Amino acid sequence: MRLIDGNVARKRLVLVCLVASAGFLPAGAVGKEAGACTPGTELRLSAPESSQGSLLLIELKSALQLTEVKGDWGGRKVAFWQESGKEGIQRGLVGVDLEKAPGEYELKVTGQTASGEKIVCRAMVEVKKGQFATEKLQVGKQFVEPNPEQIKRANEELQKLREIFDRVTPERLWDGPFRIPLEGVTTGSNFGKRRILNGNPGSPHGGMDLPGTTGTPVHAAQRGRVALAEELFFSGNTVVVDHGLGIYTFYGHLSEIDVKVGDAVETGALLGKVGATGRVTGPHLHWGLTVERARVNPLVLVRLLSSTASEENRRKSSKHGTN
Ligand SMILES: [Zn+2]
């Protein structure tokens, strides 16, 4: 767009909300067999296709214990982990960036057995266009027409965020489902919304806006380590939590920050308070999720991992369970 420097515009992508696109993934849905695998192994996807701003959960099942399990989806890495007590099953998350071009992308998963035998699985995963609304906004002129100093600052902050999201902590710091960071809030809005700012088309909202009044406590969505805790031009007082394996959650517009970089946080830990700092029209929490740099809808992760957990509980408590 004309009035906003390209980098600044891109930075907004990182900062703003993600779209809850049409269908959420089916509950407890790791079950659809997909792709071609080395005999003795099996690849399952939570859904055969996905849409912009969504996530897929992948399971690699093998009769033999596998190591060095890695994935690649259209040039993007997929990190795998093993849940405790689930030998023979490796899981990974594929994040579909909210602006990823629709089409088919090959997923390739590799690993090796204890005896050094290589295994490989391949599947095609289709990306569909997300259903994102368009929003018209009037904001302070200083945000639409940042002065050179503000542009410089915003670009430096964008660079800093990129460097954070590029770092993939090799350990999984989270354990179990992710939660919504505000007590009593079950959904949000504006994910991926296309924006027209003061009449000029802007970039999509890279996160989800959760309703909350100033001073409402903001809780960590899962266990992790604080990767950023400072005031930024667009998102105001901001906290970023590294959950490991390339997963980061982002909390913006806080009135107050209660953690510092390097802090280890547990699920539900107090990160700060809801506010209206930065580029906003009123108090709310801007909540973002990136998976291997893909901006995805955080609610999809909440639903996907909790439905998997409840599926596992069902299997455990069922006499007819297959586990
Ligand atoms: Zn937002």
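# A walk through a strand-rich chain

Among contacts between residues at least 6 apart in sequence, 70% join residues that are at least 24 apart. Keep that figure in mind as we go, and remember that what you are looking at is a predicted model. The chain has 323 residues, and 54% of them are buried. Its secondary structure consists of 4 helices and 23 strands. The accessible surface adds up to about 13,900 Å², and carbon and sulfur atoms account for 49% of that area.

Let us begin with strand β6, which covers residues 66–73 and has partners we can look at in turn. Strand β9, residues 103–113, pairs with β6 in the antiparallel sense, over 6 bridges. To find your place in this pairing, look for Thr-67, which stands opposite Gln-112 of β9. Strand β7, residues 76–81, also runs antiparallel to β6, and 4 bridges join the two. Here Lys-70 has Ala-79 of β7 as its bridge partner. β6 and β7 make a hairpin with 2 residues between them, and in the turn Gly-74 has a positive phi of about 50 degrees. As a reminder, strands of a sheet pair through backbone hydrogen bonds, either parallel or antiparallel.

Two further sheets are worth a visit. One is an open sheet of 3 strands in the order β11-β12-β13, with mixed pairing. Its edges are β11 (134–137) and β13 (200–201); each has a single partner strand, so one side of each is left without a neighbour in the sheet. Strand β12, residues 194–197, runs antiparallel to β13 and is joined to it by 2 bridges. In that pairing Ile-196 stands opposite Pro-201 of β13.

The other open sheet also holds 3 strands, ordered β15-β21-β19 and paired antiparallel. β15 (217–219) and β19 (256–257) are its edge strands, each pairing on one side only. Between β15 and strand β21, residues 270–273, there are 3 bridges in the antiparallel sense. Pro-217 has Lys-273 of β21 as its bridge partner.

Now for the aromatic rings. The structure holds 6 aromatic pairs. One of them brings together Phe-165 and Tyr-248: the ring centres are 5.4 Å apart and the planes meet at 65 degrees, so this pair is edge-to-face. Phe-165 belongs to helix α3 (residues 148–166) and Tyr-248 to strand β18 (residues 247–254), so the pair ties together parts that are 83 residues apart in sequence. Both Phe-165 and Tyr-248 are buried. Elsewhere, ring pairs link Trp-81, Trp-174 and Phe-178 into a cluster.

Charged side chains also meet rings here. Arg-172 lies over the face of Trp-174, at 5.4 Å from the ring centre. Lys-100 does likewise with Trp-73, lying over its face at 4.7 Å from the ring centre.

Between Arg-172 and Trp-174 in the numbering comes Leu-173, whose place is in the loop between α3 and β12. Is Leu-173 buried or exposed? Its relative accessible area is 13%, and the cut-off for a buried residue is under 20%, so Leu-173 counts as buried. What is Leu-173 in contact with, leaving aside its neighbours within four places in sequence? The list is Arg-223, Gly-224, Arg-225, Asp-242, His-243 and Gly-244. As for His-243, its C-alpha is 5.0 Å from that of Leu-173, although the two residues are 70 apart in sequence.

Leu-232 tells a related story. This residue lies in strand β16 (residues 224–232), and Leu-232 is buried, with a relative accessible area of 1%. The C-alpha atoms of Leu-232 and Gly-252 are separated by 8.9 Å, with their positions 20 residues apart along the chain.

Our last stop is the zinc ion. Which protein donors does it have? They are His-205 through NE2, Asp-209 through OD and His-286 through ND1, lying 2.0 to 2.1 Å from the zinc. Along the sequence, the spacing of these donor residues reads H-x3-D-x76-H. His-205 and Asp-209 are both buried.

Definitions and conventions
Residues numbered from 1 in each chain as written. Predicted model: local features only at pLDDT ≥ 70, side-chain atom pairs only at ≥ 80, totals over all residues. Heavy atoms only, no water. Pairing = 2+ DSSP bridges. Phe/Tyr/Trp six-rings, centres within 6.5 Å; stacked < 30°, edge-to-face > 60°. Buried < 20%, exposed > 50% of the residue type's maximum accessible area, 1.4 Å probe, protein only. Lys NZ or Arg CZ within 6 Å of the ring centre and 35° of its normal. Donors = N, O, S within 2.8 Å, 3.2 Å for Na, K, Ca; no water. Contact = heavy atoms within 4.5 Å. Areas by Shrake-Rupley, 256 points an atom, 1.4 Å probe, with all protein chains shown as cover.
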